[in-house]
Amino acid sequence: MNTVNDYLKKGSTDIIPILSLVLERSVASIISSSDYRVSKKEAVKLNEMIAKRERGVPFAYLSQQKGFYHLDFKVSEATLIPRPETELLVDIAIDLFDENDDRDILDLGTGSGAIAISIADKRANWKLTATDLSVEALNVAKQNTKSDISFLHGSWFDTVENKKFDLVVCNPPYVADDDPHLKDLEFEPILALTSGRDGLDDIKSIIINSPNHIKEDGYLLLEHGYNQQEEITKLLSKDFHNITKFKDYNNLDRAILAQLKSEVGL
Ligand SMILES: C[S@@+](CC[C@H](N)C(=O)[O-])C[C@H]1O[C@@H](n2cnc3c(N)ncnc32)[C@H](O)[C@@H]1O
């Protein structure tokens, strides 16, 4: 019968969080009680998880959970694992309007619901709508929320007909179809990742259609790839002004906020 220490000595990837998950003990208790004898049942589960992790399955898909902003989110193979870079969109959004105002916010491609649910939790007066093309992802997002969010199924703005919002926020798929980094993301849903030859197909469609769904002087907020900001600025400049660009924690261009020109929103 193996002890926790035997597993620690093997040094498999993420072995401490895996032991913590399977044995349902804190990390501190795993380390301080390393002579704990693992039962047969626990060993089967541990070996299964270690093998999956060694094959490259992200730890978040093993634990089916990921922390984002100030909350924990359930995730599944149907949802992107929410990234720390995306927390930037929540920061920008919650600072955009007075928290006591009534505001209508749309989160396109909500995935696990990370953006919409974090905003709703911080801004109780704002009405959140969240959409996704993936029914499975929407089901996960619905399980994650305690707020009153309208979840809608469909492609981008098709879901909201003629409705207009104060802010449309979106972390769209923006990886080019042949990007070599995709091999590191093989366990995440391709629908959440790729968007044509240059990764901009969905962003272009969202920018072109967004003026019909943004209120006068309202905003569009997009996450994008590190090398896409210049092209997106050009695309936005027809209908938007007051374009503000943001970098992520790694100092890479990552998000862009633009206000609808008054004459377009009339
Ligand atoms: C990059 S992920 C972002 C997920 C989540 N908002 C986040 O930041 O973690 C993009 C999301 O867009 C969804 N998506 C892809 N194409 C879509 C479309 N045509 N209409 C609506 N959602 C779409 C995917 O299913 C995925 O959940």
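What follows is a walk through this structure, from its overall layout down to a few single residues.

Keep in mind from the start that this is a predicted model. The protein has 266 residues, and 37% of them count as buried. Its secondary structure comes to 11 helices and 9 strands. If you draw a box around the C-alpha atoms along the principal axes, you get roughly 75 × 40 × 30 Å. The domain assignment splits the protein into domain 1, residues 4-56, and domain 2, residues 68-265. Take the C-alpha centres of domain 1 and domain 2 and you'll find them 37 Å apart. As for how the chain comes back on itself, look at contacts with a sequence separation of 6 or more: residues 24 or more positions apart make up 62% of them.

Now turn to the sheet. Seven strands make an open sheet, and if you walk across it the order is S5-S4-S3-S6-S7-S9-S8, with mixed pairing. At the edges sit strand S5 (150-153) and strand S8 (240-247), each of which pairs on one side only. Ignoring direction, neighbouring strands of this sheet are turned by 15° against each other on average. As a reminder, strands of a sheet pair through backbone hydrogen bonds, either parallel or antiparallel.

Strand S7 is a good place to see both kinds. With S6, strand S7 pairs in the parallel sense over 5 bridges, and here Leu 167 stands opposite Tyr 219 of S7. With strand S9 (residues 253-260), strand S7 (residues 214-223) pairs in the antiparallel sense, again over 5 bridges. One pair to look for there is Glu 223 and its bridge partner in S9, Ala 255. S7 is also mostly covered, since 7 of its 10 residues are buried.

Which helices lie across S7, S8 and S9? One is helix H6 (residues 87-94), which lies across strand S3 (104-108) and strand S6 (165-170) as well as S7, S8 and S9, and runs at about 30° to S9. Another is helix H10 (residues 229-236), which lies across S7, S8 and S9 and runs at about 10° to S9.

Next, the ligand. It is surrounded by 22 residues, and the closest are Gly 109, Gly 111, Leu 133, Asn 171 and Ala 192. Sort the shell around the ligand by residue type and you get 12 nonpolar, 9 polar and 1 charged. Helix H7 (114-122) and strand S4 (127-132) each supply at least two residues of this shell.

Just ahead of H7 there's a residue worth a stop: Ser 112, in the loop between S3 and H7. Is Ser 112 buried or exposed? Ser 112 has 27 other C-beta atoms within 10 Å, so it is buried. Leaving out residues up to four places away in sequence, Ser 112 touches Phe 73, Lys 74, Val 75, Thr 79, Pro 82, Val 140, Ala 141 and Asn 144. Asn 139 is 27 residues from Ser 112 in sequence, yet their C-alpha atoms are 8.5 Å apart in space.

Set Ile 190 beside that. Ile 190 belongs to the loop between S6 and helix H9 (201-209). Ile 190 counts as exposed because it has 12 C-beta neighbours inside 10 Å, and 12 or fewer is the cut-off for that label. Ile 190 also has a partner from far along the chain: Leu 80 is 110 residues away in sequence, but the two are 9.1 Å apart in space, C-alpha to C-alpha.

Last come two backbone oddities. Most residues other than glycine have a negative phi, and most peptide bonds are trans. Asp 217 has a positive phi of about 65° although it is not a glycine. Asp 217 is found in strand S7, a strand that is mostly covered, but Asp 217 itself is exposed because 12 other C-beta atoms lie within 10 Å. The other oddity is Asn 251, also not a glycine, with a positive phi near 65°. Asn 251 sits in the loop between S8 and S9. With 8 C-beta neighbours inside 10 Å, Asn 251 therefore counts as exposed.

Conventions
Residues numbered from 1 in each chain as written. Predicted model: local features only at pLDDT ≥ 70, side-chain atom pairs only at ≥ 80, totals over all residues. Domains from an automatic or database assignment. Near = placed C-beta within 6 Å. Helix = DSSP H or I, 4+ residues; strand = E, 2+ residues; numbered from the N terminus. Nonpolar A, V, L, I, M, F, W, Y, C, P; charged D, E, K, R; others polar. Pairing = 2+ DSSP bridges. Axes fitted to C-alpha atoms, helices over the stretch in contact; angles between N-to-C directions. Contact = placed C-beta atoms within 7 Å. Buried ≥ 20, exposed ≤ 12 C-beta atoms within 10 Å, placed from the backbone.
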